[in-house]
Amino acid sequence: MNKTELLNKMTQHPEERVLLARVMDKAEHTRTRGVPTYTGFLSSAERASVEGLLSAIGQPRHVFWGGYEGAERTVCAFLPEWQDADVFQSESETVTLLHATFSADTALSHRDFLGSILALGIPREKVGDLLVSDGTCDILILQELTNFLLQHLERAGRVKLRLQPLPLSALQPPEENTKRITDTVASLRLDAVMASGFSISRGKAAGFISAGRVQLNHRDCCKADHAVAEGDVITCRGLGKCVLTETGGLSKKGRILIVLERYV
């Protein structure tokens, strides 16, 4: 299967096609030149698309890296034979960290920081996770933007910032809070599992799915009867994310026992 045929098979819309074509070019560049290459930061949905492509082309040597373990937005780096993934993560300067501080009595959000950065003309793919807490924000970016942001990112919203570069080893990601949910469902359909995970009615879950607000494993899913398996991630705009962590046997009433983790 040539490149065009593969892209025709793997992509659902023009933006995805452009992304995967670029990924294929980078993988080929590393294979033929023996030098590392990397994409911009990928969203969870984009990463899922890229992972599907890499599986289809034989899993070239690569690593997803966002500056810390568990990062939501990651680059996909293609590695030549002489480079190990752990060495890339510990020694590469592809992803760098800027630490912003501001008045602790000022409330700033992820949206405030992202809006201020994008307003400088920076493409979204150049910016990784933004970890906001009281009085601080850790900004993960591609290394090429470090000096530019140090010079030009003076405020988030109307709040003045103080920026300094830090090594990635200084990063302390916030702990994610989850709620464990144990329930039973008639079947492992998406609408049934989603209803348990978000404590809503099955009808309401089906409505969100048909409205295009739901993703299964970071890919759009508009089928309420789509089967869900252990480890699957369900996200819904406006409700958040949950993971089906366990499926058990049958209850006395013949329903399937399930355990989910909802991120709160």
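Helices here are DSSP runs of H or I with at least four residues, strands are runs of E with at least two, and both are numbered from the N terminus. The model shown in every view is predicted.

**Figure 1. The whole protein, with its 8 helices and 15 strands.**
The protein has 264 residues, and 42% of them count as buried. Its C-alpha atoms fill a box of roughly 65 × 55 × 30 Å along the principal axes. Consider the contacts with a sequence separation of 6 or more: 57% of them join residues 24 or more positions apart.

**Figure 2. Close-up of helices α1 and α2.**
Helix α1 covers residues 3-10, and helix α2 covers residues 14-33. Their axes come within 10 Å and cross at roughly 140 degrees. That angle makes α1 oblique to α2. The crossing is right-handed. From α1, the contact uses Lys3, Thr4, Leu6, Leu7, Asn8 and Met10. From α2, it uses Glu16, Arg17, Leu20, Ala21, Met24 and Asp25. Sorted by class, the contact of α1 with α2 holds 6 nonpolar, 2 polar and 4 charged residues.

**Figure 3. Close-up of α2 against helix α3.**
Helix α3 spans residues 44-56. The axes of α2 and α3 come within 10 Å, with a crossing angle of roughly 50 degrees. The two helices are therefore oblique to each other. Again the crossing is right-handed. Glu16, Leu19, Leu20, Val23 and Met24 of α2 meet Glu46, Ser49, Val50, Leu53 and Leu54 of α3. This contact of α2 with α3 has 7 nonpolar, 1 polar and 2 charged residues. Glu16, Leu20 and Met24 of α2 take part here, and they also belong to the contact with α1.

**Figure 4. The largest nonpolar core, with 24 residues.**
Leu190, Met194, Phe198, Val214, Ile234 and Leu260 have the most contacts inside this core. Elements supplying at least two residues each include the strands β10 (178-185), β11 (214-216), β13 (233-236), β14 (240-250) and β15 (256-263). The helices α7 (190-198) and α8 (202-210) also supply at least two residues each. The largest share, 6 residues, comes from α7. Another core lies apart from this one, with 20 residues. Cys137, Leu145, Leu149 and Leu161 are among them.

**Figure 5. The surroundings of Ile234.**
The partners given here leave out residues up to four places away in sequence. Ile234 touches Leu190, Val193, Met194 and Phe198. Its other partners are Val214, Gln215, Leu216, Gly240, Lys241 and Cys242. Leu190, Met194, Phe198 and Val214 are, like Ile234, among the core residues with the most contacts.

**Figure 6. The packing of α7 on α8.**
The axes of α7 and α8 lie 8 Å apart, at an angle of about 115 degrees. That makes α7 roughly perpendicular to α8. Their crossing is right-handed. On the α7 side are Leu190, Asp191, Ala192, Met194 and Ala195. On the α8 side are Arg202, Ala205, Ala206, Phe208 and Ile209. The contact of α7 with α8 divides into 8 nonpolar, no polar and 2 charged residues.

**Figure 7. Ser187, in the loop between β10 and α7.**
Ser187 is partly exposed, with a relative accessible area of 22%. Beyond its neighbours within four places in sequence, Ser187 is in contact with Ala192, Arg202 and Ile256. Ala192 of α7 and Arg202 of α8 also take part in the contact between those helices. Ser43 is 144 residues from Ser187 in sequence, and their C-alpha atoms are 30 Å apart.

**Figure 8. Two loop residues with positive phi, Ser199 and His218.**
Most residues other than glycine have a negative phi. Ser199 has a positive phi of about 55 degrees. Ser199 sits in the loop between α7 and α8. The residue is exposed, because its relative accessible area is 58%, and the cut-off for exposed is over 50%. His218 has a phi near 70 degrees. His218 sits in the loop between β11 and β12 (219-220). With a relative accessible area of 22%, His218 is partly exposed.

Definitions and conventions: Residues numbered from 1 in each chain as written. Predicted model: local features only at pLDDT ≥ 70, side-chain atom pairs only at ≥ 80, totals over all residues. Heavy atoms only, no water. Core = buried A, V, L, I, M, F, W, Y, C linked by side-chain atoms within 4.5 Å. Buried < 20%, exposed > 50% of the residue type's maximum accessible area, 1.4 Å probe, protein only. Contact = heavy atoms within 4.5 Å. Axes fitted to C-alpha atoms, helices over the stretch in contact; angles between N-to-C directions. Parallel < 35°, antiparallel > 145°, perpendicular 65-115°, else oblique. Left-handed = near helix turned anticlockwise from the far one by under 90°. Nonpolar A, V, L, I, M, F, W, Y, C, P; charged D, E, K, R; others polar.
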